[in-house]
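Me: I'm new to this one. Could you walk me through a few of its helices?
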Amino acid sequence: MIAVARGTTAAASNASSSALKNGLSLTTSRCNSNISLLGRRQYHVIGRNNAKQKQQSSSLVSSHLVNDLRSRSFSTLRSATSNNGRNASLIVGCITGCVVGASVATGGWHNAVAHAEAAPSKMDEETASLMDELMEFLGVKSSDGDNNNKANDDDDDSTNDEAKNDEDEASATGGPGKPVKVPLDPELIESLPTLPLSMVQNPTGEYANRLLVSHDGIVYDVTEFVHHHPGGKDLLLTATGLDLSHFFDNYTVHGNTDKAAGWLASMAIGKLSQNDANLARERTNSVVHVERRHKWLNKARRRIVFIAATLPMWMTVRSCVRFVGWFVPSLGRLLARLVPVAVPGLSVGAEPMQIEEGSKEDDAAAPPKVAVIGGGIAGCGTAWALRQSGFEVTLFEAREQISGNARTFDWDFSKQRPNAPKEEQHVKSCCSVTAWPPLFYKNYTCLLNELGVETVHQPLSWFLNSKVPGAVGTLWAADPTPYDGSLRNVLKRDFDIYGKVVRFSDKMCNLFTFRWAPWRRNDSPSMYDAHTGIGLFNPMNIIPLYSLFRLMGGSELWWQVVFTPHYTASFLVDELRPFPAVFGPLIEAQIPLHPNAENAQSFASSRSERDCNITTCQTWKDAGKGIREVFDKLTKDIDLRENTRVREVEVLSNGKKRVHDEYDNAMDVDRVVFACPANAVGNIYKRAGWLANTIFSTLVYADDHHPDSGHMHAVLHSDGSVIEEGFRDDCLKRASNYVEVTEKQDGSINIENQYNFGVQTPGPGVYDLPLDKKPVMLISHALGEGKSIDKELIVGTANHARAHPLYSGWNVMAMLSLRLVQGKDGIYYCSNWTTPGNCHDMSFLSGLACAHAIGAKYPFEKNGEAKKDFHRLRDLMGI
């Protein structure tokens, strides 16, 4: 919930060398495809009326000279690998060597590779598949025309995020989760043939090679729609053969409008018997969902391993081309056209654009036009920076309102304020992004100062109540006092060990990043500098924090009962073992488990004689109204198009980009910035290419592992009984979070989170109100066994699916590899998935980096520390 610094390095490895070797074999695993029919026919599904129109294709034909030079350069490699297995083995060995080098350059991703599942295939088939992909990547293999949509490409251009579903769904009017009811005429249903469930799961005969799904007993053919699914292709492919009710329940964005139901209506081809309809629902569960989802993820992972392995080589090539271009610009531009990756400032579309003098005042020359797709903090930040520099900007947002993860909710105070003016009978609170540490959020802090948005201290105070055998006790995380019953007494040895781990990691990071050097002595702390100096060689980037803690004698019990519950409240994921050790000092400085005078305070107040909270975070003075003020000011003088989904982006022969929206409007622009979920991009930008689509398809989100867990779904309510009675009043008065840890009947640990917005809303004065002057304002996740919420007190729901990318080696590989396509043909990418972490400042800063690459000025030149972070992230993003 709180926006905190996320790690700047890859998830670390504890895999053995043999496991690593097994993982490396994935680089040559063949990705079979039995759905080539998907690419034979393409249709646009037009919003509102579901009309189908033949897709217009605009093939981008490369220069004959470029193809000839590439073919000559790699013809020897092609012939060598196609002759026999011995040469193939040599190539695989070379790639393995590249992997070892890449692991150092990227900060480590061994753990993710070692845990991937290798597909059983014959060596000659593996080699053929790998080399086909290699040739296509290098531009030698033809990929134009219909070939883009057949066989292997059906795997390659996979996209798997909900286009309008990457951030938290907490609506102020009714909330998500409304059932999806497809409007079908009863006569049509009666006329539909009855199909057996086996036909949906394994289509044969006239339905062979079709993609079928069921919902409410009706069978739908989604074969043609798969390439136009707003959430990308992979999520829909995951659902084929299954019942959609499970997916609609867990990706609740589908029920927010009638679009999904309207699209399905035109695809009905049959119906199931009542018994089969019941079986379809029973057989579609989270286990099947995750298994199918990882099938598609593994296909992308096999390719991202190869891309990451060759990343050092391409980074060297890009540097050489840029070096030549610095001396001879025309030669640099020519060389940039000969390589299959983007070269900043030299590739076609990657050149910074200039605003001609007078263009803003007398329109002597029209300013360049930019389309930004996605209205979160990254997209709005991009649009704002570009507009500040004179660009003409159009911002598309698929939802009804911009703000991305920074959602708000209106709490009803009418019972407590019956005589107050109507506008004071509701309080707009934050709902997802609630606070940030300004010491680390330098650029976002500069933005608020620039916009004139006031902030106040956010009094965060976590209360943890453990009922797990062997670790029964409580913990006020901001209070270092080992009071009676405190977990600091029960697990004292583990707390001491964790403190040593954090101090050791901090010293190692200081050593490798040269923070001790004279030229860095005045630098303020940063979450962007882990790669500076010789930081890429820092073993803390590779060793997980969990592994280091256990190696030094820490217990599994402490990790499960204290560390994970404490930080799950911030990250909304309950698997924190992959976090790299470099991450420890960062989170300890912001949300400490070892509070001190620099990051926390204990004091007597009207709420308690021993009140406590951390002192590192701020929030908007007007809470939810402050969030809205930020986004309103960011989009001033910008052509804002909310509730408008972009259907397609095509690159024209003159270099312009044509943007088509769902209402059949089109506009031509000079540059496009995607600030939407990664895998939604592929179904919008269909000519992104093999390399880009592999990167988009690799991203892993929390719901890819636990789509129906309590941490993906939230309930907003006023039922205080969910907090244990003995702690209820105290927690409602002063705890920002109530975290209850219990052992379930099957022996697993349940982490229940209650976010108390009666405390987390300080600006409007809610925090200081006595309990009888405000409603209970709770957001609940993962209630413990036997607990329930009074339905009469539920005021809304929220869904976090596709909101938070995980901290995994796969995501870091994708992020680092993204530099190879940033700016290619004038297309850029920013958002939480384009950064090494997932927080408001990083997302905003990624937008500034893209805007700067297009030609905008950095807006906070006077703040030297913020500017350092800007250049550090630009370096990480490679633009």
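Reply: Sure. The expected span of a helix is 1.5 Å times one less than its number of residues. Keep in mind that this is a predicted model.

Me: How far does H15 reach from its first C-alpha to its last?
Reply: H15 has 12 residues. At 1.5 Å a residue, the expected value is 16 Å. The helix comes close to that, with a reach of 16 Å.

Me: Is H15 largely enclosed by the rest of the structure or not, and why?
Reply: Buried means under 20% relative accessible area. The buried residues include Cys380, Ala383 and Trp384, and they pack against several elements, among them strand E6, helix H22 and H27. Since 10 of the 12 residues are buried, H15 is largely enclosed.

Me: At what angle do H15 and H27 pack?
Reply: Let's start with the contact itself. Gly381 and Trp384 are among the residues H15 brings, while H27 brings Phe844 and Gly847, among others. The contact residues divide into nine nonpolar, six polar and no charged. H15 passes H27 in a right-handed crossing, with the axes 7 Å apart and an angle of about 35 degrees.

Me: Which word describes how H18 lies to H20?
Reply: Their contact is made by Asp494, Phe495 and Tyr498 of H18 and Trp558, Val562, Phe563 and Tyr567 of H20. Those residues divide into six nonpolar, no polar and one charged. The axes are 10 Å apart, and the helices pack at an angle of about 60 degrees. That angle is why H18 counts, relative to H20, as oblique.

Notes:
Residues numbered from 1 in each chain as written. Predicted model: local features only at pLDDT ≥ 70, side-chain atom pairs only at ≥ 80, totals over all residues. Heavy atoms only, no water. Axes fitted to C-alpha atoms, helices over the stretch in contact; angles between N-to-C directions. Helix = DSSP H or I, 4+ residues; strand = E, 2+ residues; numbered from the N terminus. Left-handed = near helix turned anticlockwise from the far one by under 90°. Contact = heavy atoms within 4.5 Å. Nonpolar A, V, L, I, M, F, W, Y, C, P; charged D, E, K, R; others polar. Parallel < 35°, antiparallel > 145°, perpendicular 65-115°, else oblique. Buried < 20%, exposed > 50% of the residue type's maximum accessible area, 1.4 Å probe, protein only.
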